[in-house]
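Please look at the sequence and the structure below before reading on. The report then takes up the ligand, the sheets and the backbone in turn.

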Amino acid sequence: MLPSEADRVPGYLAARFAVVDPATGEAFDEAPDQQPDELDAVVDRAHRAWHRWRADPVARTAALRVAADAVEAAGDDLARLLTREQGKPLAESYAEVARTAARLRYFADLAPRTRRIVDGRPVRSEIRWRPLGPVAAIVPWNFPLQLAAAKFAPALAAGNTMVLKPSPFTPLATRLLGSVLATVLPEDVLTVVTGREPLGARLASHPGIRHVTFTGSVPTGRAVAEAAAASLARVTLELGGNDAAVLLDDVDVDRIADRLFWAAFRNCGQVCMAVKRVYAPARLHAEVVETLAQRAKTVAVGAGLDPDTLLGPVNNAPQLARIEQVTQQALAGGARAAAGGHRLDGPGYFFAPTILTDVPPGSPVVTGEQFGPVLPVLPYRSLDEAVAAANGTGFGLGGSVWGTDLDRAEAVADRLECGTAWVNHHAELSLAQPFAGVKDSGVGVAGGPWGLYGNLRPFVVHRPQEA
Ligand code: NAD
């Protein structure tokens with residue numbers, strides 16, 4: 001049986017804030033609005049739990065495997081609640097729950113390797129790996145469960161404990177996930193706290209926290225790094241992206257159109273690694289615009305719980321306003337909407353899937369991160385011009401190159417300044433690969449063994465060799 005809310009959540013009976021269903025624009029539930037001063041007790045308990053949790057790697061592996069099973073068993077409830085508060089189609093929520101469980105399983109079986117330093121000296125010098133202590137995780141609203149798991153799975157596998165703060169726009173599925181995991185993990189190993197700012201700022205600067213792992217926007221990432229500097233905690237930042245897709249002149253537009261469209265519009269474009277700009281050779285530009293616009297005009301937009309929906313609402317009102325603003329700015333500057341370009345009438349935070357062409361240079365929809373269902377398609381004349389434009393923003397998360405000659409496409413992909421570059425795909429990630437952004441897109445490396453070591457510190461034991 002799950003512990004009752006009042007027992008489990010500090011501050012449960014105190015203040016609460018409303019959670020809105022983006023498909024209706026109406027509040028449908030509430031979450032505890034925990035106050036920064038509650039964090040002292042939470043972090044203190046995480047610290048005490050850490051001494052027990054770090055001591056037994058075999059028990060940790062077993063517990064994390066059981067945790068993955070528990071997440072799957074609660075899959076229906078988690079997926080429905082996630083769709084309700086986040087807006088994404090139910091099938092995508094199920095996929096997110098599955099990825100949450102998969103991350104737990106992957107990291108459960110990953111252990112750091114003790115290594116000898118061999119450098120010719122007559123000593124025995126060994127690198128062992130030690131956990132850091134309580135880790136703070138702060139995550140955004142676009143993939144609340146899977147991004148939380150990307151943080152807690154490696155952190156817990158490494159022997160740390162965690163205090164996890166979801167976005168106030170999507171606190172409920174994460175709280176449910178916390179309750180599910182509380183039934184199978186030792187007490188206080190993972191604590192979910194919910195509340196509005198300055199809860200996150202206080203968590204990032206808390207002196208008992210040894211690593212702050214943050215996913216979110218670039219400005220908040222900077223604020224988090226500054227806050228964590230107070231206690232010199234380690235910082236991992238996974239920040240925004242403005243990924244370019246560069247289409248080559250031998251691309252088969254019809255063949256790639258669906259993949260390219262969904263690389264931009266999945267989760268209503270609210271993906272850090274979505275395609276956010278398309279560069280097409282001038283000769284193919286009109287065909288690319290038309291082909292993508294056809295899909296944008298006909299895709300089924302609706303509430304995520306409706307089984308026919310392929311594209312849900314934008315998650316929240318401020319984000320909808322931002323998307324509308326950058327779109328209108330582009331249109332006012334001379335851009336043309338080949339599809340969409342406006343909000344949809346009726347309740348909820350719906351924006352018509354939008355393909356923009358003739359976008360003026362320097363438009364914020366190209367230089368910034370729109371993070372919504374709006375895609376500019378830009379023509380280029382030379383490949384060097386396209387690569388320079390793709391690399392020409394402050395972001396460097398991902399990028400892709402699309403064409404028929406795979407070797408040529410790969411050679412162009414190799415010139416992109418980002419953490420991951422794909423050929424004829426975008427945002428396909430393996431659990432085993434490093435995940436890192438360059439420039440403003442991030443600091444530190446998550447994913448695969450790098451994610452595990454990001455939650456550990458090296459500890460060297462040095463002694464004379466046996467005589
Ligand atoms: P955000 O930066 O507004 O918020 C992220 C989290 O930080 C939320 O939990 C928020 O409550 C919290 N927060 C807000 N102010 C804070 C402060 N001063 N100190 C500490 N925490 C604070 O981002 P968002 O709008 O929720 O998410 C969208 C952004 O996240 C986009 O830029 C997107 O690209 C980025 N993102 C990046 C990745 C990645 O892996 N690189 C993945 C998903 C999303």
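What follows is a short report on the ligand site, two sheets and two backbone details.

This is a predicted model, in which local features need pLDDT of at least 70 and side-chain atom pairs count only at pLDDT 80 or more, while totals for chains, interfaces and linings use all residues. Residues are numbered from 1 along each chain as its sequence is written, and side-chain values use heavy atoms, with hydrogens and water left out.

**The ligand**

The ligand is surrounded by 28 residues; a residue counts as near if one of its heavy atoms lies within 4 Å. Val139, Ser217, Thr220, Leu239 and Glu369 come nearest. Sorted by class, this shell holds 15 nonpolar, 9 polar and 4 charged residues. Here Ala, Val, Leu, Ile, Met, Phe, Trp, Tyr, Cys and Pro count as nonpolar, Asp, Glu, Lys and Arg as charged, and the others, Gly among them, as polar.

The shell takes at least three residues from each of domain 1 (5–239 + 432–462) and domain 2 (243–423), with bounds from an automatic or database domain assignment. Helix H8 (199–204), strand E8 (211–215) and helix H9 (218–229) each give at least two residues to the shell. Helices (H or I, at least four residues) and strands (E, at least two) are DSSP runs, numbered from the N terminus.

The table lists polar contacts of the ligand, where a polar contact is a pair of N or O atoms within 3.5 Å.

| Residue and its N or O atom | Distance to an oxygen atom of the ligand |
|---|---|
| Val139, backbone | 2.7 Å |
| Trp141, side chain | 3.0 Å |
| Glu238, side chain | 3.4 Å |

Taken alone, the ligand exposes 850 Å², and the protein buries 87% of that. Such areas come from the Shrake-Rupley method with a 1.4 Å probe.

**The sheets**

Strands of a sheet pair through backbone hydrogen bonds, either parallel or antiparallel. Two strands are taken as paired if DSSP finds at least two bridges between them.

One open sheet has 7 strands with mixed pairing, in the order E12-E13-E14-E11-E10-E15-E16. Its edge strands, E12 (336–339) and E16 (420–423), each pair on one side only. Neighbouring strands in this sheet are turned by 25° against each other on average, direction ignored; the axes are lines fitted to C-alpha atoms. Strand E15 (residues 398–402) runs parallel to E16, and 4 bridges join them. Ser400 has Trp422 in E16 as its bridge partner.

Another open sheet, also of mixed pairing, has 6 strands in the order E7-E6-E5-E8-E9-E17. E7 (190–192) and E17 (442–443) are its edge strands. E8 and strand E9 (residues 234–238) are parallel and joined by 5 bridges. The bridge partner of Phe214 in E9 is Leu237.

**The backbone**

Glu197 and Pro198 are joined by a cis peptide bond, with omega about 15°. Pro198 sits in the loop between E7 and H8. Phe371 is not a glycine, yet has a positive phi of about 50°. Phe371 belongs to the loop between helix H13 (364–367) and strand E14 (374–380).

How values were computed. Polar contact = N/O pair within 3.5 Å; in protein donor to acceptor, adjacent residues only side chain to side chain. Axes fitted to C-alpha atoms, helices over the stretch in contact; angles between N-to-C directions.
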